[in-house]
Every structure is written in structure tokens, then in C-alpha cells.
Amino acid sequence: MGAGGDGRPVRDGYMRRNFSLDKLKNITNVKDDLTVLRHMWFGSKKGDDHAARLESFYGPQAAAYDAFRSRFLWGRKPMLAACAARLADRSNLIWVDLGGGTGENVDLMSQYIDLTKFKAIYVVDLCHSLCEVAKRKAKAKGWKNVHVVEADACQFAPAEGSATLITFSYSLTMIPPFHAVIDQAISYLAMDGLVGVADFYVSGKYDLPMRQMPWSRRFFWRSIFDIDNIDVGPERRSYLEQKLERVWEQNSQGSIPYVPWLRAPYYVWLGRHPSVGHALHEERVERPPLFPPTFLYTQSWEDPEPDMEVMEINKNDTVLTLTSGGCNALNLLVHGAGHVVSVDCNPAQSALLELKKVAIEQLEFEDVWQMFGEGVHPRIEELYEKKLAPFLSQTSHNFWSKRLWYFQHGLYYQGGMGKLCWVLQCLAAVTGLGKTVKRLANAPTLDEQRRIWDSNFIIHFVKHGPKLLVWLFVKFVSLMMFNKAVLWFGGGVPGKQYALIKADGIPIERYIARTMDGVAENSHVRKQNYFYYNCLTGKFLRDNCPTYLREQAFAQLKGGLVERLTVATNFFMDELKARTYTKVILMDHVDWLDLHIAQQLAETLAQQVAPGGIVIWRSASLQPPYAELIRKVGFDVRCIRRASEGYMDRVNMYSSFYVARRKGKKD
């Protein structure tokens, strides 16, 4: 056991040895990194041909190549993940990795797809030293289907005659005759094959919005990379897009080891043989002024049941709706809408709905339930990297890649309204109402829920206490919790909507009290009202949730219905002008507008809604002034619900619900 009989000196010695080994390893790593940096920055590129120049540059750093590049080539893993996600259901694949160097891409690819799905993998490189590393790696890993080929990529072709996957991982910028290598690669790309590219880049002077750079960045990075014979200009990607159809791309930037502050621009690009139509490009969008840097709503705050009673949804419908949390857009698809366009000017709301759409397409029900039913997923980082990110737009990826912690801390406590719910839950706990809130959320019957609500001492005090004390208490709560800042950033209630409430002669505190009291007295939260159950608990239940989270509806959406959804980040009026609609859901959007803008909206509705088409909206006003504007441009308008008696629907946040039908005969 050693001195002292308790083994402590032995353990201490073991720890000291481990510490020494770790220290030695760290010193070795730094030494290797410095070797790589020395050859990158100061090494000569000598030789009579391209192969000799590559060897002079990479030969001395070949042994340390992989470790350093793992902290520099940030586009490799997203590119491989995106390719693997699109090939996951296939087998007997042929992969050619051009400029594959040490074969590290093969090792990385094994994280995303079973390598036995590949009949053959060709690692092609012109540098002898890198190929030798790749051969040793293939032997050590036991890769029987991996063939390391020391050859010119401009002349190589696989023995099988065609390839399912061709990749250029930070190699295309180092191949001077790039036209020739792209042409050669396309010559053996299978008709259903895929080309994946990850590389450094600068944009053209006039380029696609998501690629565009200012002249200073273009000049700086092109000059820096040119020192190492790396041409990061836009010509290579432009030529790819002449020959192939873009499937997906991301443009980003990544850190450089031992170089603080600077972040090198890189892109990931996937292409295939051209098909009918043309590849769309993504526009750069910015959140409007005064919007928070995240979403306001994690769920849609309008009850879809009354909507479905009057909308007459059918397969011939093209429906325009505001996005909000996106739940109701998905509900429209389940109810049979032929095409749903969901628009929001806040890119964060679009990112939320796009994530829901991609999750439905790519994940199984239980994973989607954990993400959006429970609001928490223990494997969110893995799912995001392998199955979600490869199909997201760049704007949505930029949003979610920094916010995966939402699904670790609870999605429904994020965003404006989520934070408000969290604060209210904390206040309830501090004031001793935490248990009451839980009992209210889980009351087995509506009668029991009413009893809990009415017996709460605060509710009892407000309803039956001394008028002066009640007035003082209500004003204090109103000042602290229902001021304009909290209502906007927490509840999504803008100043113009606040003014409509006041115009009805209703103090904001009474408006909110009417909302809450109406729900508590008329809607069973545990069984029927998933909106407020989510607010009180931070999650949904399987029998009390939005339609898309019910297993049967999920199966319908995954079976193809979700493909009918278009997620647009735009202003509502612009998207309204883009096409003809049979149904339009304004939500409370017009409450947010000045009256002259509401007039323009009414005129645009008259132009873009087909005869017989239906428009619905809710308002915080009992009689919104713009209803008459919509009537005058050619709609039959009627108010079908008012909250004057305390309850309108399960959300109960509005004062009126309107339906308008476009006059004229249907085609």
C-alpha cells in the first residue's frame, strides 16, 4: 500500500506523473503548431511544377497537419455533415475526395455516416508526404474500402466510372487549373450525385447578398492567402455555379490559431447536376428597429379553433398568415391548405418556424417532441450538427448556432414572452404562490380550477377587498408589470395597440385582468388550454399541445404536407403583393399600423385576395377603426366574437374577432 498505509503517496506520485505527461504533451502540441505556422508564414514554395511546390510546402508539416487544421478549417465538418445528411438513406456509394491530403476527411465523415455504406472511397492528392500519412491512417483504422491515390485531380477518374459524392475540402483554391479540375470531376459525377466544397473565399465586387464583403476585406484576405499560393477569389464558386445547380450553401468566418481577433471567411457549398428551374438565393435580412435580438413568441398566441370554424380551408387554398410562433401555420397544413405562406419581419420568428419545419422533415417524432413539446433535448448539439444545420438557411443557422442552449435551459423560457413567463413564475415562487400555480395548471376539472383561482388570496383581495387598497395595489402592479416596455418586449404589445385599448376606455390592468379571469373561469388549462399550460409550466403535454405536436398530425406533416409551407422574412404588405391568395390571416397585425397604412393594406387586400376569399383578424379594440376601411374596398365584414362578456377564446387576449369575405364570384 506504501508509506502511511493509505496509498496517498502512491496516488500523489501517479497524479504528478500524469501532470508531467500532460504538460509534456501540451509542449509537444505547441511545438508542432509552431512548426506548421513557420512553414505557413515563412516557408518557401519551391519546385518546377505544382506537385513539387506542394511537397516543399506540406512535406515538413505533414505529421502535424491534422491537429492544427482541426482548429482552422471550420468548414470541413459542416460540409461533410451536409453531404452525409443527404446520402444517409443510400448505400453502395462511391466517394472521391479531391485534394484529400491526410485522409482526415474520411475519419471525420465516420462521425456522420457509416463508412461501410461506401463501396469505395478515393483520397486523391498530389502531395507525396500527405498521401503517406493517409496510407498509414487507412491501415491503422482498418479502412478496407479506402484507396489513397497520389495523382493529379485534373486527370483522376474512379475505376467504377462514376462517383456519388465528390468533395473539395480546402483544396479547390490551391488548384491553379480550377476549370479543368471542375470539368473533370463533373465528367464522372453520377446523375444523382453530389458535389461538396468547403474553402476560404472573398466575394466579388457585386455578389449574392449573403456572400458580399466590403472592398477592404476582399483586398486583405485575398492578399494574405495569395502569399501561400491560395487563390480565394470568387471565380471558382462562380464556375461551379455555371456547371452545377446550387443545392445549399453557408458563408461564415472562423478563428485562426494563435492569431487573435482575425476571423478568416469560409464557405460551404453543395451542388448537383442542373434540374428544371433555377437555384434560389437567400436575401440578407436584418431585424427591424426596437425588436429584441431574439423572437418575441415561442408559440402562436391566437386560438386556431375559431379560425378553422370560419376559414373553410381546402386543398385549393393559398393562405397568407403571420408567423408568430409558427404553430398555426403548421395547423393550416394539417387542415388541408394547399400552400401556406408564413411571413414575419422579425428574422428570429422565421428562424423558429424554419427549425420546426426542418425538424419535422429530418427527425423522428420523439426528438421533435422533446425539442418543442418538453422544450429541452439532451442531445440537441448532436442533432443540430448532423440533421438540422445541413438543411437550414444561413440566416436561421446564424441564429440557432449561437442559441442551442435554449434547448438546454428550456425553450419556452426564452424570447420576450418566455422571459416574462419565467419572471412571473419566479415572482409566484417568491410570494408563496408557487404551489398554487402548479395546482392551477394541473387542476383535474374546470370546477376545481375555478375553485383554486377564486380562493387565491390575491384574486379574492382584488375582487372583494377595500376599494382604495385594491386601487393602490392594482396601480402598483400595473406600473411595474404592465408598462409599455414590459408589454412590448415581454408581451409583444406595441404602442399603437396599447392606444387602442385605452381608446375603449379600459385601463390596461383591467384589460389583462379580464383576460386572465376569463381563461381561469371558462377554459380548463390542464386539458384544453395548451397556451396557458405552457406559460405556467414551460412545456406542453401530449394531450394538450399544438396540432403539429400530436403524433398523427406530425406523421401527416412529415409525409409531405410540410413541403407546402413557405417561410418568408419580409414585411406583410410586400408578401401580400407577391401572389394571389384565397385566405389571409391578419392576426392583430393591423392594430400595429397607422391608419393611412391600414388604408393601403385594405386596398392591397382588395387587389390580392381572390373573389370569395376570406380574411380574418383579431383586435385589441372592441371596434377597430380599420374594419370600415376593409368594408369599403369590397369586403363583407362582420364581427363574430367580442370579449365584452369576459371570454372570447382560449387565448382571450383580444377584444374582437372579425371575418371579411371578398365580394364577387369565384372563378
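Strands (E, at least two residues) and helices (H or I, at least four) are DSSP runs, numbered from the N terminus. This is a predicted model: local features need pLDDT of at least 70, side-chain atom pairs count only at pLDDT 80 or more, and totals for chains, interfaces and linings use all residues. Residues are numbered from 1 along each chain as its sequence is written, and side-chain values use heavy atoms, without hydrogens and water.

**Exercise 1.** Place L262 in its strand and state its exposure.

Solution. Step one: L262 lies in strand β7, residues 259-272. Step two: its relative accessible area is 34%. Buried means under 20%, exposed over 50%, partly exposed in between (1.4 Å probe, protein chains only). L262 is therefore partly exposed.

**Exercise 2.** Describe how helices α11 and α27 cross.

Solution. Step one: take α11 (residues 327-334) and α27 (residues 551-558); their axes come within 10 Å and cross at roughly 80°. Axes are lines fitted to C-alpha atoms, over the stretch in contact for helices, with angles from 0 to 180 degrees between N-to-C directions. Step two: α11 is thus roughly perpendicular to α27, a class that covers 65 to 115 degrees. Step three: L330, L333 and V334 of α11 meet A553, Q556 and L557 of α27. Contact means heavy atoms within 4.5 Å.

**Exercise 3.** Analyse the salt bridge between R650 and E305.

Solution. Step one: a salt bridge needs a side-chain nitrogen of Lys or Arg within 4 Å of a carboxyl oxygen of Asp or Glu. Here the closest N and O atoms are 3.6 Å apart. Step two: R650 sits in the loop between β13 (635-642) and β14 (656-662), and E305 in helix α10 (residues 304-311), so the pair ties together parts 345 residues apart in sequence. Step three: R650 is buried at 11%, whereas E305 is partly exposed at 47%.

Conventions. Parallel < 35°, antiparallel > 145°, perpendicular 65-115°, else oblique.
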